[in-house]
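Here's an informal walk through one model, from its charged pairs to its sheets and cores. Have the viewer open while you read.

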Amino acid sequence: MKKHIFVKYFSCVAIFVLSACGGGGGGGSEQSLYQIPYTGISTAALITENNAEALVLGSFLGPPVLTGGVVPLREGSDVSMSNRRWNSTPGLVRETILNGLERSIERFDPESASPMESTVARPSATEEWTEQGLCGGTASYSVTVNEGTGDIIGNITFADYNDCESVMTGSASISGNIDPAMLSYRWVNLHIGIITVVSAGESLSLSGTMESDWQVFPMTVTLNLRIRDDGTGGVFWYEDYVTTDGMSGPYTEMTIAGKYYDPAYGFVVLSTDNPFHTDMAGTWPFEGILRAAGGSASTAWLIAVDSFLYRVEADTDGDDAPEFVGQNLHWPGANREPVSDGTVDQYGNVGCPVNLVGSGFDADGDTLAYSWQIVSAPAGSTAVLSGDTSAQPSFFPDLQGEYLFEVVVSDGYADSRVSLGPLAVGGGRFCSGNGSGLVPVGSQGTGVAIGDVNGDGRNDIAFVTGYSDSPDNDGKLFVLQQDTSGGMSSPIRYDLPSSFSNWPASVAVGDLNHDGRNDLAVGIDRYGIQIFLQNSLGGLDPSSLLSAWDSSNVRIADLNNDGRDDLAGIAWGSNTATVWYQDVAGSLGSPVTYDVNHGGNDDLELEDLNNDGRKDMVVMSGQGLYDNFGVLLQNATGGLFPPVYYDLGDSSLSYGLATADLTGDGRRDVALSHLGWISVFPQNDSGMLDPPVGYPFFEGGSGDVSAGDFDSDGRTDLAGGYGESGIGVFYQRTDGTLFPFDFYRLPLSTAGGYGIRSLTVGDINGDGRDDAVGGLWDGIVIFRNTGRM
């Protein structure tokens with residue numbers, strides 16, 4: 001006998017409860033068929049949404065052994081997939097019996113695979129032998145083969161036969177027929193008197209028949225089988241349960257008909273609406289529909305969604321339409337692993353929250369669970385993850401250096417893991433990460449200002465956007481209002497009369513109508529200045545557009561020493577500066593234009609640079625062959641003197657401009673950022689500026705600069721945009737020089753290729769410490785001053 005015959009037999013029979021092979025049709029009385037009585041409900045089951053799954057799954061997959069109690073799959077359900085272990089005991093019994101039958105036949109002639117191949121003629125021969133279980137017990141076989149007819153009869157007795165996973169006790173008889181010419185089965189019947197199987201602390205008993213017929217196509221398998229859960233006493237019954245199984249193109253095709261009895265609900269009549277199709281290399285059908293018809297025209301359907309998932313639906317009122325549609329569930333052991341992913345901030349700061357975001361995709365639609373861990377951290381770090389089983393845990397790094405993370409995504413069946421990082425952590429004074437960092441609006445932040453623009457005594461943030469192919473957010477003014485807790489509101493958006501050619505480039509805060517309330521001036525590049533006057537309710541009212549060419553960089557200060565704020569502006573490479581002086585009525589007068597060299601990529605500041613108590617004008621040139629900046633001092637009559645020019649002396653182009661007391665002598669100085677350096681021009685006793693003192697900075701270039709007291713020591717410090725990565729802060733020493741800069745990273749590298757623009761300093765959360773705000777490619781970034789070193 002060739003072994004492939006048995007393999008073919010097992011493919012449909014030995015895994016009945018796993019592939020729904022099985023059948024019926026045998027005759028004989030119930031007493032001769034079964035040694036296990038059926039004591040459950042014997043009338044047609046009334047199908048409801050609470051029992052539909054139990055009935056249709058039991059019909060196809062075999063009766064469940066419920067462990068740990070019944071845990072509902074959904075509210076009111078009587079069956080739980082999470083607590084269900086599908087019963088493969090009948091398949092185990094049959095496989096053991098048929099393996100023994102095969103070995104019995106082979107024993108007729110040790111040199112051949114069947115008695116028909118023996119050199120000794122044996123019209124009818126019997127072989128009896130006993131097999132020891134791997135872990136104890138015996139299986140005793142007696143098999144007779146008639147060479148002339150191909151008939152096989154025999155029996156087997158298990159005596160605590162232990163294969164190290166299950167223990168079997170009981171007996172069964174075997175009958176069948178072999179085609180002597182083809183060396184293949186024609187039919188095989190098993191009549192199980194009663195066999196009890198104990199495995200994993202559970203005991204089930206089987207009794208009945210299984211008949212397999214290969215003489216027809218497709219082959220049929222008929223079950224008349226009862227299975228008793230010895231723990232509960234419940235008996236499940238398959239009556240005249242017939243399957244057909246055969247090839248249909250590149251896949252196998254199976255149909256099911258018959259009855260299935262569940263002791264708790266009664267019986268359902270089975271039929272196949274659409275045949276089940278299974279890939280040759282697959283285990284579970286990828287399509288097909290089994291119908292289970294119950295009492296009062298109620299019906300349940302088992303629908304193969306694909307080779308990994310199935311779904312149960314139920315018509316509970318007999319109208320042939322489903323009132324219950326279950327969720328997609330896994331075939332036993334079938335699962336597509338989830339795909340894990342996630343993001344971690346590239347950069348962070350000590351003591352500041354970091355964004356960790358886990359994500360995943362599951363093709364089966366399973367609910368995903370997350371588990372995070374820190375894979376590596378700087379030596380001595382004791383930082384831990386909070387909420388490490390959530391998709392977005394909290395993390396506060398405690399030391400500078402690099403951190404690596406891993407997130408494991410589970411669908412309840414399999415895990416998928418991904419490593420994330422590194423997170424590079426810088427110093428701890430400023431936080432720019434989770435909850436305080438990026439304020440994305442979808443368009444580049446080109447200008448930023450800080451001041452109280454709603455009259456509540458708290459500083460707010462105003463910024464404008466250029467053009468980034470985001471129509472709803474390009475060319476707008478945004479205001480973030482500070483609340484009583486020091487937080488910021490969502491951005492409030494204001495329209496501007498801008499275009500791609502004439503985009504908002506700057507914003508300034510000041511009182512432009514002398515009513516004691518701060519207003520906003522938005523510089524629209526080489527087009528005009530839009531004034532927003534603060535009203536008595538704390539809102540902003542747009543006034544008419546102030547048409548002007550010098551409108552790229554705008555600033556507000558008292559430039560004629562009359563106690564009223566004036567408006568100043570320059571345009572890209574215009575070689576002029578324009579001032580609108582505020583009159584006694586609170587209106588801006590006609591423009592007054594001053595000549596001053598600047599070739600493009602320019603900047604503007606208004607500060608007292610000769611220590612006479614009057615605000616002066618500083619115009620930086622960022623392109624061309626001009627000196628790096630010119631100073632227009634305010635004269636005693638309320639105008640500006642012609643410019644005095646200053647230069648770095650090495651043909652360097654300027655990137656950013658700031659004015660503040662950076663030497664600790666009470667006089668305002670000028671700071672310029674340029675390639676690889678920040679240089680300070682100290683103001684001397686005569687009201688002029690001395691040659692610059694250089695401090696090494698970002699080698700690849702620098703962004704804007706701004707000044708503030710960041711360590712609350714009463715001395716002004718200097719912050720500069722550090723390429724596309726963050727800001728560098730130079731803290732002022734007691735001797736009036738600057739320490740080498742400390743670096744504070746952005747949470748992500750999002751500066752969009754030009755670094756931080758329009759860096760501005762002010763207290764934006766009411767804690768008395770200066771914070772920093774800068775424009776980025778898709779909005780702004782806030783560096784909150786924590787007060788930590």
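R517 is partly exposed, with a relative accessible area of 27% (partly exposed lies between buried, under 20%, and exposed, over 50%, using a 1.4 Å probe and protein chains only). Its salt-bridge partner is D515, and the closest N and O atoms of the two are 3.2 Å apart. D515 is partly exposed too, with a relative accessible area of 27%. A salt bridge here is a side-chain nitrogen of Lys or Arg within 4 Å of a carboxyl oxygen of Asp or Glu. As background, side chains of opposite charge can pair when their charged atoms come close.

Before going on, a word on what you're looking at: this is a predicted model, in which local features need pLDDT of at least 70 and side-chain atom pairs count only at pLDDT 80 or more, while totals for chains, interfaces and linings use all residues. Residues are numbered from 1 along each chain as its sequence is written, and side-chain values use heavy atoms, with hydrogens and water left out.

How many salt bridges does the structure hold? The count is 22. Here are three of them, with the accessibility of each partner.

| Salt bridge | N to O distance | Relative accessibility of each partner |
|---|---|---|
| D230 and R228 | 2.7 Å | D230 28%, R228 24% |
| R517 and D515 | 3.2 Å | R517 27%, D515 27% |
| D713 and R715 | 2.8 Å | D713 27%, R715 25% |

D713 counts as partly exposed, and R715 does as well. Elsewhere, D273, R291 and D320 are joined into one network by salt bridges that share partners.

Now for the sheets. Strands (E, at least two residues) and helices (H or I, at least four) are DSSP runs numbered from the N terminus, and two strands pair if DSSP finds at least two bridges between them. One open sheet has four strands, in the order β32-β33-β34-β35, with antiparallel pairing. Its edges are β32 (504-510) and β35 (540-547); each has a single partner strand, so one side of each is left without a neighbour in the sheet. On average, neighbouring strands of this sheet are turned by 20° against each other, direction ignored; axes are lines fitted to C-alpha atoms, and angles run from 0 to 180 degrees between N-to-C directions. Inside the sheet, β33 (residues 519-524) and β34 (residues 528-534) run antiparallel and are joined by five bridges. If you want a spot to zoom in on, try A521, whose bridge partner in β34 is I531.

Another open sheet of four antiparallel strands follows the order β28-β29-β30-β31. Here β28 (445-451) and β31 (492-495) stand at the edges with a single partner strand each, so one side of each lacks a neighbour in the sheet. The twist from one strand to the next averages 20°. Strand β30 (residues 476-480) runs antiparallel to β31, and four bridges join the two. V479 stands opposite I492 in β31.

On to the packing. A nonpolar core is a set of buried Ala, Val, Leu, Ile, Met, Phe, Trp, Tyr and Cys residues joined through side-chain atoms within 4.5 Å. The largest one has 64 residues, and F60, I97, L302 and W331 have the most contacts inside it. Helix α4 (residues 52-61) gives the most to this core, with seven residues. A second, separate core of 16 residues includes V344, V354, Y370 and F405.

Is α4 enclosed or open? Ten of its ten residues are buried, so the helix is largely enclosed by the rest of the structure. A54 sits in α4 and counts as buried at 7% relative accessibility. A54 and A264 are 210 residues apart in sequence, yet their C-alpha atoms are 9.9 Å apart in space. Right after α4 comes G62, with a positive phi near 105°.

I97 makes contact (heavy atoms within 4.5 Å) with Y141, I156, F158, A172, I174, L190 and I195, leaving aside its neighbours within four places in sequence.

Finally, confidence. pLDDT is the predictor's confidence in each residue, from 0 to 100; its mean for the protein is 86, and 87% of the residues reach 70 or more. Over residues 1-28 the pLDDT is below 50, and this stretch has 102 contacts in the model beyond near neighbours in sequence. Residues 109-122 also stay under 50, with 24 contacts beyond four places in sequence. Where pLDDT is low, the predicted coordinates should not be read in detail.
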